[in-house]
Amino acid sequence: MEVKTAKKEKIIKQAPTTVSGAEAVIKCLLEEGIDTIYGYPGGAIMPVYDELYKYQDKLHHVLTRHEQGATHAAQGYARVTGKVGVCIATSGPGATNLVTGIADAQIDSTPMVCITGQVGSHLLGSDAFQETDIVGISTPVTKWNYQVTKAEEIPEVLAKAFYIARSGRPGPVLIDITKDAQFASLEFNYKKCTGIRSYKPFPKVNLSEIERAADLINSAKKPMIVFGQGVILGGAEALLQQVVEKAGIPSAWTILGLSAMATDHPLNVGMVGMHGNYGPNVLTNDCDVLIAIGMRFDDRVTGNLEHYAKQAKVIHFEIDPAEIDKNVKAEVAVLGDVKETLQLLLGFLKSKNHDAWHQKFKDLYKIEYDKIINNELNGKEGKLGMAEVIDEINTSSKGDAIIVSDVGQHQMVACRYAKFNKTRSNVTSGGLGTMGFALPAAIGAKMGMPEREVVAIIGDGGYQMTIQELGTIFQTKVPVKIVVLNNGFLGMVRQWQQMFFDKRYASTELINPDFVAIAKGYFIKAKKVTERSELKDAIKEMMDSPEAYFLEVKVEQEENVFPMIPTGASVSDIRLE
Amino acid sequence: MEKKNYTISIYTENNIGLLSRIAAIFLKRHFNIESITASKSEVNEVMRFIIVVEITEEQVKKIIGQIEKQIEVIRAYYHTDEELIFQETALYKVNSAEFVEDLTIQDFIKETNARIVTVTPKFFVIEKTGKRHEIDNLYDKLKPYGLMQFVRSGKIAVSKNEMPISSILEDFNTININS
């Protein structure tokens, strides 16, 4: 087949140099503009670590305390910067410890490249020491993976890995490199990957679909937008705002779409989904046109699909063709990067306002405010509530902080109450719901955005799943702020046990250690708050601290998160109590 | 929606590990693969998988989406039996002693266009290519004669409609050069 090679000729030829496979790995990372990587050494990856030693002034390697921590840190870094997160581990247990983070990155579309060492190629399949089939294990949870057994493959494979991880709908890629390939030498010559013939990351935009979408939006009486992380991944935040404002459409977000639009924007009507806001959930089943932008209709968003937006015409703006009609049938499917498609849409949109329709959202918010929000923010009696803590952080950060949350009740409260002015400020494990995500992710987020305040909000359960990363914080002196909302329970599970299992609290009560003593053991400033009167000063002290700071807040033990759509129920049957 | 036999044709790069990546997509959705074959295709260096599953059309559409999403998959198609020309091949190893005496079964083999591949004093090997039910009929017929071994290939099929892989590959190349 005749292929034009005009592009290739443009690349300036570099004189090849002979290097080891291990050194080639480092040189590839530098070629890709990587400055920070997370990892943990071990036998099969030692040649790469040996090279890292030589390149330590060019490439900052962060030694986490567990490989899972390395993946979440890389994810945190990727989520706030938009760059590819990189982590490195050895074979066997080192590699398997990456799997949770890889699965998390896959379901939350986070660009990440994981490099694992592997036993020598002559030992493959012999059940050698620390041999595990990580390519086989990671296949279902990676966008792409590959085992390198020859040094000369390294530059091309890593170039491909970075291209795949960041292009189109981003995702994790794992490259497994046998130890002999790390030792062997090659002529190093790096060419960035610009295309793979079987892979079309950006589907061709069909203008007639955009026009159909615009017609539906222009003639809609009760339109509603739900936007997701696609807006952030596509860098289309400003375009989204223009679309929303021009067409005057009330807009709600999915948990991963949070911060793509300022939380106090007048047309921002809150979160959809299981613990989302009352208005957008109820009115999903009242709108006439539902415009989904860069989101994938997760079951936590839709509730029972049989009763989800059946009255509405659905327009789906989406980059991944496999998401179209996967869960919700689209009347109009606009394939493409939202940065491209929203720009085109804008040209066809009529200026409108939908004040009467918007008022419905406000009315429902009033109900939610009176029934839930007011009590949670302004509770003057009893134990502290989680929302009060988030609110106090808002007061101090003025919405400029990056909030990294873990998984569970505190996560829902953090996402419901945190204020955001800037995009890429909400880092949480959405699709996979990985407890233990937040502490290491906060490390990566702070390293990615050192000039911004990073506050991790974590429950007492999830905190103990990756608590060892306090060691990483201590060693690297990364000034993250850690808030543990301690209710002595695995709160979300306990809430379900209370509501659906007759309060049989099976294995959800936690007898906790002295968290402050543990933090202090790592020489991290730490404080514990039990009284409402102490909260304000404690938050201020934490936020003002130039160093890392740990704050434990004892909160009400049996607080429940409402509103709530019980499993199997319709979004409009969302419960306020 | 009604479950049906769908034949999925997947054109891919020749890559180690792709079989397990594709199989994992079925596993994740708890779909049983009825048959699978992999071979080179009409295009140089392009592999073709043929997978048969019994699922609904909605399910097969979604699974095609997931398959096409894989980096090294060039294109995937699904077809019903009516849209295909398809065959399976089976080998039957039968005991010579029982077989050689019986002229009716020898005639049956001729009538069904089966072929005797090997004859030894101990066993005969018979080959039959055809539709599943034809292979099953011969199986039932030969069973009483001491069927020593039986094996059937996966379905192989070509579609009545065009599957323009070469031009898709050319498109990919042009897009990548221009981007």
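Q: Quick start: how many bridges join strand S1 (residues 3-13) of chain B to S4(B), and which way do they run?
A: Six bridges join S1(B) to S4(B), and the two strands run antiparallel. Strands here are DSSP runs of E with at least two residues, helices are runs of H or I with at least four, and both are numbered from the N terminus. Two strands pair if DSSP finds at least two bridges between them.

Q: Anything I should know about the model itself?
A: It's a predicted model, in which local features need pLDDT of at least 70, side-chain atom pairs count only at pLDDT 80 or more, and totals for chains, interfaces and linings use all residues. Residues are numbered from 1 along each chain as its sequence is written, while chains are lettered from A and ligands numbered from 1 in the order in which they are written.

Q: Back to that strand pair. Which residue stands opposite Tyr78(B) in S4(B)?
A: That's Ile8(B).

Q: And which helix packs on the sheet there?
A: Helix H2 of chain B, residues 57-68, touching S1, strand S3 (46-56) and S4 of chain B. Touching means contact, with C-beta atoms, placed from the backbone, within 7 Å. The direction of H2(B) makes about 170° with that of S4(B). Such angles run from 0 to 180 degrees between N-to-C directions, with axes fitted to C-alpha atoms, for helices over the stretch in contact.

Q: In what order do the four strands of that chain B sheet come?
A: The order is S2-S3-S1-S4 in an open sheet with antiparallel pairing. Strand S2 (33-40) and strand S4 (73-79) of chain B are the edges, each pairing on one side only. Neighbouring strands are turned by 15° against each other on average, direction ignored.

Q: Which strands of chain B form a hairpin?
A: S6(B) and S7(B) do, with three residues between them. Strand S6 covers residues 115-119 of chain B, and its antiparallel pairing with S7(B) takes four bridges. Look for Thr118(B), which has Val125(B) of S7(B) opposite.

Q: What else is joined to strand S7 (residues 123-130) of chain B?
A: Strand S5 of chain B, residues 84-95, runs antiparallel to S7(B) and is joined to it by eight bridges. One of the residues to find is Thr89(B), whose bridge partner in S7(B) is Thr129(B).

Q: Over to chain A. What's the order of the six strands in its open sheet?
A: S11-S10-S9-S12-S13-S14, and here the pairing is parallel. Strand S11 (268-271) and S14 of chain A sit at the edges, pairing on one side only. On average, neighbours in this sheet are turned by 20° against each other, direction ignored.

Q: How many bridges join strand S9 (residues 223-227) of chain A to S12(A)?
A: Five, with the strands running parallel. Within that pair, Val226(A) has Ala292(A) of S12(A) as its bridge partner.

Q: Which strands of chain A does H10(A) lie across?
A: S9, S12, S13 and S14 of chain A, and H10(A) runs at about 130° to S14(A).

Q: At what angle do H10(A) and H15(A) pack?
A: About 50°, with their axes 9 Å apart. They are therefore oblique to each other: under 35 degrees is roughly parallel, over 145 roughly antiparallel, 65 to 115 roughly perpendicular, and the rest oblique. On the H10(A) side the contact includes Leu207(A) and Ile210(A), and on the H15(A) side it includes Thr341(A) and Phe348(A).

Q: Which residues of helix H15 (residues 338-348) of chain A are buried?
A: Val338(A), Lys339(A), Thr341(A), Leu342(A) and Leu345(A). They fall within an arc of 165° seen down the axis of H15(A), so they line one face of the helix; the arc is that of the directions from the helix axis to the C-beta atoms. Buried means 20 or more other C-beta atoms within 10 Å of a residue's own, exposed 12 or fewer, partly exposed in between, with C-beta atoms placed from the backbone.

Q: Is His30(B) buried or exposed?
A: Exposed, with 6 other C-beta atoms within 10 Å. His30(B) is in the loop between helix H1 (18-28) and S2 of chain B, and its phi is positive, near 60°, although the residue is other than glycine.

Q: Where is Asp325(A)?
A: In the loop between S13 and S14 of chain A. Asp325(A) also has a positive phi, about 65°, without being a glycine.

Q: Last one: which peptide bond is cis?
A: The one from Phe562(A) to Pro563(A) is cis, with omega near 0°. Pro563(A) lies in the segment after strand S20 (549-554) of chain A.

Key: Two residues are in contact if their C-beta atoms, placed from the backbone, lie within 7 Å.
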